[in-house]
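Visitor: Could you walk me through this model, one question at a time?
Guide: Gladly, let's look at it together.

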Amino acid sequence: MENPIAVIDFGSQYTQLIVRRIREFGYFSKLYQPSELRDTGNPPAVILSGGPRSTLEPDAPDIDFEYLRSLNVPVLGVCYGMQLLNTKFGGSVAPGHTREYGPAALIPRNGGPLFEGVRDHSQIWMSHSDTCKMPEGSTILGENLDGIPVALQWADGFFGIQFHPEVSHTDEGKKILGNFLKLAKNPTEFRIESFKHHLMDRVREEAAGRKVVCGVSGGVDSSVLAALLHEAGVDTRYIFVDNGLLRKDEATQVQEQFKTVGIEIETIDASKRFLDALAGEADPEQKRRIIGRLFVDVFFDAVGDDVELLAQGTLYPDVIESATSGSIASTIKTHHNRVDKIMELKAQGRVIEPLDELFKDEVRDLGRSLGLPEPVVGRHPFPGPGLAVRCPGEVTDEKLEIIREADDIFIGLLRGRGWYDRVWQAYAAVIPTKTVGVKGDERCYEYALSLRAVVSEDAMTAEWVHLPYELLAEASNRILNEVKGVNRVLYDISTKPPASIEWE
Ligand code: XMP
């Protein structure tokens with residue numbers, strides 16, 4: 001797809017969100033580094049993001065301002081982006097003594113298109129330390145309660161705001177961004193239906209008649225990738241590795257799911273290999289490493305080292321963060337020759353990542369548009385190392401069995417009561433401590449179990465869900481009655497940060 005609205009990344013933690021919000025408005029948008037300004041082609045509009053640096057630093061990130069002006073399109077500077085534009089227009093930036101982080105009020109001044117329909121005294125979210133000293137001829141578009149300018153216009157089409165319109169804490173953020181987008185010059189529409197056709201053409205072209213192998217896990221990303229390759233008619237082998245760390249009946253369910261959309265998958269039962277390799281290992285990082293390395297070994301043992309083309313479900317956020325969490329290499333952070341093999345394939349142009357332009361919710365929409373059933377596209381994320389990260393300490397059959405049974409009860413209740421689709425992720429984890437209880441007339445020492453349900457937008461932060469007490473009570477009663485080896489059920493009320501979503 002051509003001509004995205006260009007978001008220039010100066011390093012703010014919220015930059016990805018800007019791209020996402022623009023796409024929510026139905027326009028195509030992409031992130032670029034400041035040095036890539038000339039690669040943006042013919043952008044309909046440009047946004048300069050916020051960032052952690054100060055324009056006062058000698059090597060502060062910069063932009064080719066002459067080129068930016070020559071594009072002759074609307075430009076919006078956000079926080080750092082605003083300060084940078086202010087200096088370019090001849091103003092200056094003064095160092096702040098404290099970093100202003102958090103809510104403030106916005107009072108629009110002097111009208112203009114950016115704040116059209118924006119109410120007075122709405123909350124805005126600030127994150128900056130320096131303040132702008134505006135140059136002659138610029139216009140104040142908005143102030144805070146202390147009369148300090150928080151929005152400026154320097155010239156026709158050049159706007160700056162000292163707050164983040166992309167975060168939900170800025171009440172009128174969407175409206176302000178929407179107003180700016182109305183000024184964009186012929187923006188490309190972003191609709192998943194048309195994007196699907198673009199992706200099908202792309203995979204056919206990239207495959208170029210070669211045989212593709214695609215690892216599937218039953219998770220959303222790899223399922224959508226498989227459905228895309230299938231729909232595009234690309235000759236593909238779909239490989240599912242059962243690592244023995246899956247949830248109750250998951251291997252069978254995954255096969256059934258794929259059958260309903262006409263995809264035959266090859267299942268490799270490597271559970272014994274994984275569980276043997278994990279025996280006696282209690283260190284979380286070691287466990288991850290063992291699972292990651294073995295996965296790659298099992299995968300290439302099955303498909304052979306001579307893979308023509310490997311398809312991976314890497315998503316846009318992974319590309320942006322240059323992490324690879326949606327890929328096979330994701331679970332392995334250490335050096336490993338089979339992982340190097342993936343890097344080698346990549347260097348040879350033998351890895352395709354067709355979902356690398358999409359966010360998670362867009363992948364879900366694509367899945368729907370490809371006819372995947374709702375239980376597949378709406379599935380909660382599940383970690384690559386599976387139940388191992390929900391089983392602190394050594395992984396044993398006994399603990400895995402407890403997690404499987406308890407998780408099945410908990411998830412079943414969430415589904416039955418309409419909560420499953422309202423939470424980002426939910427699960428049961430076993431706490432590797434035996435605590436005292438009474439069963440019958442006897443004292444018993446059995447495991448404690450933790451239930452967790454969180455809401456999150458992107459897994460970077462998460463909040464625990466206020467599930468109804470009745471639901472928790474029923475889950476606890478059923479688990480204590482039906483699951484052998486458990487005598488205590490806890491509900492995890494930790495936010496991320498500081499806790500993570502998983503236990504390990
Ligand atoms: P944490 O526990 O880091 O999890 O808050 C954030 C999200 O990532 C998933 N997760 C993983 N996914 N390999 C993966 O592929 C892993 O090692 C891993 N650890 C956590 C987790 O389920 C959550 O959605």
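**Around the ligand**

Guide: To start, the side chain of Arg288 has an N or O atom 2.7 Å from an oxygen atom of the ligand, a polar contact in the sense of a pair of N or O atoms within 3.5 Å (within protein, one must be able to donate a hydrogen and the other to accept it, and residues adjacent in sequence count only if both atoms are side-chain atoms). Please keep in mind that this is a predicted model, where local features need pLDDT of at least 70, side-chain atom pairs count only at pLDDT 80 or more, and totals for chains, interfaces and linings use all residues. Residues are numbered from 1 along each chain as its sequence is written, and side-chain values use heavy atoms, with hydrogens and water left out.

Visitor: An oxygen atom of the ligand is 2.5 Å from an N or O atom in which side chain?
Guide: Ile501 has a polar backbone atom 2.6 Å from an oxygen atom of the ligand, so to speak of a side chain we turn elsewhere. The 2.5 Å distance belongs to the side chain of Glu502.Visitor: How much of the ligand's accessible area does the protein cover?
Guide: Accessible areas come from the Shrake-Rupley method with a 1.4 Å probe; for residues, only the protein chains shown count as cover. On its own the ligand has 490 Å² of accessible area, and the protein's share of cover is 77%.

**The sheet of nine strands**

Visitor: Which strands form the edges of the open sheet of nine strands?
Guide: Strands (E, at least two residues) and helices (H or I, at least four) are DSSP runs, numbered from the N terminus, and two strands pair if DSSP finds at least two bridges between them. The order is β2-β1-β3-β4-β11-β10-β9-β6-β7, with mixed pairing. Pairing on one side only marks the edge strands, β2 (29-32) and β7 (122-128).

Visitor: Is strand β10 mostly covered or mostly open, and how many of its residues are buried?
Guide: Buried means under 20% relative accessible area, exposed over 50%, and partly exposed in between (1.4 Å probe, protein chains only). Strand β10 spans residues 149-155 and is mostly covered. Of its seven residues, the number buried is five.

Visitor: Which residue takes a positive phi in the hairpin of β10 and β11?
Guide: β10 and strand β11 (residues 158-161) run antiparallel, joined by four bridges, and Gln153 has Phe159 as its bridge partner in β11. Two residues lie between the strands of this hairpin, and the positive phi, near 80°, belongs to Gly157.

Visitor: What is the bridge partner of Glu143 in β10?
Guide: Strand β9 (residues 139-143) is antiparallel to β10, with four bridges between them. Their hairpin has five residues between the strands, with Gly147 at a positive phi near 75°. The partner of Glu143 is Pro149.

**The sheet of five strands**

Visitor: In β14, what is the bridge partner of Ile239?
Guide: The open sheet of five strands has the order β14-β13-β12-β15-β16, with parallel pairing. Its edge strands, each pairing on one side only, are β14 (265-269) and β16. Strand β13 (residues 236-242) pairs with β14 over five bridges, and opposite Ile239 the bridge partner is Glu266.

Visitor: Why does Glu353 count as buried?
Guide: Glu353 is found in the loop between β16 (351-352) and α12 (360-369). Leaving aside neighbours within four places in sequence, Glu353 is in contact (heavy atoms within 4.5 Å) with Arg202, Gln312, Thr314 and Lys346. Glu353 counts as buried because its relative accessibility is 12%.
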